Amino acid sequence: MTSNAILIWQKKRSMLWHYIAPGKLQHNGFVKSFNGRFRNIAHARTVIDS
């Protein structure tokens, strides 16, 4: 489910919004790849800062 606040936010910024079908996480390879590279938020911050 997507909250109305997110939908209003993206509309004000003229951003395209694409839904990922439930159970179809492979449709979002960027996020899957990102999550696979970082163990936690502290690790992500360290890697990004360097």
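Partly exposed is the label for a residue whose relative accessible area lies between the buried range, under 20%, and the exposed range, over 50%. Keep that in mind for the close-ups below, which all come from a predicted model.

**View 1. The whole chain is built from helices, with no strands at all.** Going along the sequence, the pattern reads α-α-α, and the count is 3 helices and 0 strands. Of the 50 residues in the protein chain, buried ones make up just 8%. The chain exposes about 4900 Å², and carbon and sulfur atoms supply 60% of that area.

**View 2. Confidence peaks in H1 and bottoms out in H2.** The mean pLDDT is 88 for H1, the highest in the chain, and 76 for H2, the lowest. Averaged over the protein chain, pLDDT comes to 79, and 88% of the residues score at least 70.

**View 3. Trp 17 sits in a loop and joins a nonpolar surface patch.** The loop in question runs between helix H1 (4-12) and helix H2 (29-37). With a relative accessibility of 33%, Trp 17 falls between the 20% and 50% cut-offs, so it counts as partly exposed. Its partners in the patch are Ile 6, Trp 9, Met 15 and Tyr 19, and together with Trp 17 they make a nonpolar area of about 500 Å².

**View 4. Gln 10 is a buried residue of helix H1.** Its relative accessible area is 12%, which is under the 20% limit, so Gln 10 counts as buried. The side chain of Gln 10 reaches back to the backbone oxygen of Leu 7, at 3.1 Å. Setting aside neighbours within four places in sequence, Gln 10 is in contact with Met 15, Leu 16 and Trp 17. Two of these names should ring a bell: Met 15 and Trp 17 also belong to the nonpolar patch of View 3.

**View 5. Ser 14 has a positive phi without being a glycine.** Most residues other than glycine have a negative phi. Ser 14 goes the other way, with a phi of about 55 degrees. Look for Ser 14 in the loop between H1 and H2, where Trp 17 is found too. Is Ser 14 buried or exposed? With a relative accessible area of 67%, Ser 14 is over the 50% cut-off and therefore exposed.

Notes. Residues numbered from 1 in each chain as written. Predicted model: local features only at pLDDT ≥ 70, side-chain atom pairs only at ≥ 80, totals over all residues. Heavy atoms only, no water. Helix = DSSP H or I, 4+ residues; strand = E, 2+ residues; numbered from the N terminus. Buried < 20%, exposed > 50% of the residue type's maximum accessible area, 1.4 Å probe, protein only. Areas by Shrake-Rupley, 256 points an atom, 1.4 Å probe, with all protein chains shown as cover. Patch = residues over 30% accessible without salt bridge, like charges linked within 9 Å, V, L, I, M, F, W, Y side chains within 5 Å. Salt bridge = Lys/Arg side-chain N within 4 Å of Asp/Glu carboxyl O. pLDDT = per-residue confidence, 0-100. Polar contact = N/O pair within 3.5 Å; in protein donor to acceptor, adjacent residues only side chain to side chain. Contact = heavy atoms within 4.5 Å.
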